[in-house]
Amino acid sequence: MADLFEKCAQWKQVQLIKLAGHYPYFRVIEQHDGTEVVIGGKRLIMACSNNYLGLAQDPRVREAAAQAARDWGSSTCGSRLANGTLALHDELDQKLAAFLGKEAAATFSTGFTTNLGTISALVERHDLVYADRQVHGSIVEGIHACYGEAKRFRHNNMEDLERHLVAAPREAGKLIVVDGVYSAEGDLADLPRIVELKKKHGARLMVDEAHGLGVMGRNGRGTGEHFGVHEDVDLIMSTFSKSLASIGGVIAGRADVINWVKHKARSMIFQASMVPSAAAGALKALEIIQQEPERRERLWDISERVHRELRLMGFDTRPSVTPVVPIAVGDQALNFIFWRKLTDAGLFVSPFTKPAVERDCVRAVFMATHTDEQVERALEIFQRCGREVGIIPYERPHTRV
Ligand code: PMP
């Protein structure tokens, strides 16, 4: 008789990578100061956190989270539908709806379950959902959990999206789902064209602004605001685990649609709500994002400098146009070797491999709170290690600008 666990005993891939000393996952962080961490007693510059605005270590956010734990306890011990909607959750729903310029918003316990719950609640039998092939895994899970039919279109390929839309029966409800900023390679969805297509074909549009909120647009409302098509995005989804320095997720849109999602999404009904400290931390971070636009400006100054200098050194950081910086290596083994060298030199970054990205790369993200000295040191490490492994040439003059 077959044993379900047999495959686990046979699976040697991870042990082999560990033996080679190139295992990059589940690293235990012993100390965290936001821009620097300690691992194995050694300090590293944190250069791949989604804490874009550095608010996870901000004293005001820490204090709001701590105070909420003191005032409300450590957990709600129940779902939002039942006993887990505190005044904090209600305030967060309302403030996020106002910030995102939508009639209503509903917060979930994680970004992952926001996508999962929203898509599976909205896309019913006979409906169609169209998702870019590079969308986040939580959107993929939402698609798997829904009863409608899924079409995946080639990454940012509008002809392919239209080809699928044209083929749909007229009476089918249609939802297009994209990431505003693609999390692995930092490129943007072509929202102006997607909006045109959704209007032409009578579809609805949902944009995951996990990496856009707090980062993109004049007020940090996301990629929709950046492109000036904010009003045409029917559903804005975001997580709290990035600029909002917490954990949780939100879906914002028309009041009747949010009401439907609140009552139909299984991850809303059957999942305990955000712990009070997480809700209060996100509320404080939202307030700071609106009051301190200079954080976003600093983030963009740093990331533009990093892109510019890495390219001058000879690295390829395409297709990114955002603070997510993928440094293309191409070869998988070389990518792990490059990552290992960067780690040994004092940089915390992550190796990304296919199918998450089109070309194997090391992914770096800088934060508004990195100092100029940290950025300088990180760039020097990239240059030295890139030369050592042969990704960039030695002889290329690197002129700082
Ligand atoms: N969407 C995107 C685009 C993401 O990058 C992530 C997290 N990496 C999520 C959704 C899920 O959010 P969370 O981890 O906060 O649950």
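This briefing summarises the fold, the annotated domain and the ligand surroundings of the structure above. The model is predicted. The protein contains 15 helices and 14 strands. Its radius of gyration is 22 Å, close to the 21 Å expected from the globule rule for 401 residues, so the protein is as compact as a globular protein of that length.

**Overall dimensions and packing**

- Along the principal axes, the C-alpha atoms of the protein occupy a box of roughly 60 × 60 × 55 Å.
- Of the 401 residues in the protein, 49% are buried.
- Among contacts in the protein with a separation of 6 or more, 72% are accounted for by residues 24 or more positions apart.

**Annotated domain**

- An unreviewed UniProt entry lists residues 48–380 under "domain: Aminotransferase class I/classII large".
- Within residues 48–380, helix accounts for 44% of the chain and strand for 16%.
- The C-alpha atoms at the two ends of residues 48–380 lie 17 Å apart.

**Surroundings of the ligand**

- The ligand has 14 residues around it, and those that come nearest are T110, G111, A210, T239 and S241.
- Helix α5, which spans residues 111–122, supplies three residues to the shell around the ligand, the largest share.
- Classified by residue type, the shell around the ligand comprises ten polar, two charged and two nonpolar residues.

Definitions and conventions. Residues are numbered from 1 along each chain as its sequence is written. This is a predicted model: local features need pLDDT of at least 70, side-chain atom pairs count only at pLDDT 80 or more; totals for chains, interfaces and linings use all residues. Helices (H or I, at least four residues) and strands (E, at least two) are DSSP runs, numbered from the N terminus. The radius of gyration is taken over C-alpha atoms; the globule rule is 2.2 Å times the number of residues to the power 0.38. A residue is buried if 20 or more other C-beta atoms lie within 10 Å of its own, exposed if 12 or fewer, and partly exposed in between; C-beta atoms are placed from the backbone. Two residues are in contact if their C-beta atoms, placed from the backbone, lie within 7 Å. UniProt positions are given in the numbering used here, feature names are shortened, and annotations may be inferred rather than shown by experiment. A residue is near a molecule or strand if its C-beta atom, placed from the backbone, lies within 6 Å of it. Ala, Val, Leu, Ile, Met, Phe, Trp, Tyr, Cys and Pro count as nonpolar, Asp, Glu, Lys and Arg as charged, and the others, Gly among them, as polar.
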